[in-house]
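Colleague: Hello! I am new to this structure and would love a close look at a single part of it. Could you walk me through that part slowly?

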Amino acid sequence: MTIHSISIELTANAPRKVLFALLSDHEQLHRFFNANYILLRTGKPHNNGIGAIREVNNGFFTYQEQIIDFKENEHLHYKIITGAPIAEHGSWIKFISINAEQTKIMYHMTFSPKFIGTGWLIKQHIHRFIKLALMKLIHFSEAHPHLINQTTIKDP
């Protein structure tokens, strides 16, 4: 099967600590992604860390993702382990400080479709899904600067 890749880079006017906290809180991801998330298994060294398994229901598919690498405030790597129409999946999100108040978010995914001829459509859908979610994350983090000093970031 053909390997497809998606890369997205965006800049946020928020510290990487805040962005990482928001994006690594599996049970609150519904705020940014048009899907429901349930943490099925906790990870290490944090609940949302390595080994954590989350279930995602986007209305079309219910699938599971597992965190395979996690370095707090720097990066998060995960793979889909079951339920999606893709195979050989791997995704990572990196947070790079530009300065104390700005962060570059880098997202990259590779996958191959389970069904021949569907890769282009899946790629288009995932790109739109991820970019919209990251833009919502950025907007939320910029609209709620008072959250910067909180260790656990919840809805205001």
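What covers the buried residues of helix 1?

Modeller: Happy to help! Please keep in mind that this is a predicted model. The cover over the buried residues of helix 1 includes strand 1 (4-12), strand 4 (62-71), strand 5 (75-82), strand 6, strand 7 (102-113) and helix 2. The residues being covered are Val18, Leu19, Phe20, Leu22 and Leu23, the buried residues of helix 1.

A general point helps in reading such a list. An α-helix has 3.6 residues a turn, so residues three or four places apart point the same way.

Let us take helix 2 next, which spans residues 119-143. Two packed helices are described by the angle between their axes and the distance between the axes. For helix 1 and helix 2, the angle is about 125 degrees and the axes are 10 Å apart. Helix 1 is therefore oblique to helix 2, because an angle of 65 to 115 degrees would count as roughly perpendicular and one over 145 as roughly antiparallel. The crossing of helix 1 with helix 2 is right-handed.

Now for the residues that meet there. Helix 1 brings Val18, Leu19, Leu22 and Leu23, while helix 2 brings Leu134, Leu137, Phe140 and Ser141. Sorted by class, this contact has seven nonpolar residues, one polar residue and no charged ones.

If you follow the chain on from helix 1 (16-23), you come to the loop between that helix and strand 2 (36-41), and His26 sits in this loop. His26 has a relative accessible area of 0%, so it counts as buried, the cut-off being under 20%. Its side chain reaches the backbone oxygen of Asn48 at 3.1 Å. Leaving aside neighbours within four places in sequence, His26 is in contact with Tyr37, Leu39, Asn48, Ala52, Arg54 and Ile67.

Finally, strand 6 was part of the cover over helix 1, and you may like to see where that strand ends. Strand 6 covers residues 86-99, and Asn99 lies in it. Asn99 has a relative accessibility of 38%, so it counts as partly exposed. The side chain of Asn99 reaches the backbone nitrogen of Glu101 at 2.8 Å, and it also reaches the backbone nitrogen of Gln102 at 2.9 Å. From Asn99 to Ser7 there are 92 residues in sequence and 22 Å in space, C-alpha to C-alpha.

Note on methods
Residues numbered from 1 in each chain as written. Predicted model: local features only at pLDDT ≥ 70, side-chain atom pairs only at ≥ 80, totals over all residues. Heavy atoms only, no water. Helix = DSSP H or I, 4+ residues; strand = E, 2+ residues; numbered from the N terminus. Buried < 20%, exposed > 50% of the residue type's maximum accessible area, 1.4 Å probe, protein only. Polar contact = N/O pair within 3.5 Å; in protein donor to acceptor, adjacent residues only side chain to side chain. Contact = heavy atoms within 4.5 Å. Axes fitted to C-alpha atoms, helices over the stretch in contact; angles between N-to-C directions. Parallel < 35°, antiparallel > 145°, perpendicular 65-115°, else oblique. Left-handed = near helix turned anticlockwise from the far one by under 90°. Nonpolar A, V, L, I, M, F, W, Y, C, P; charged D, E, K, R; others polar.
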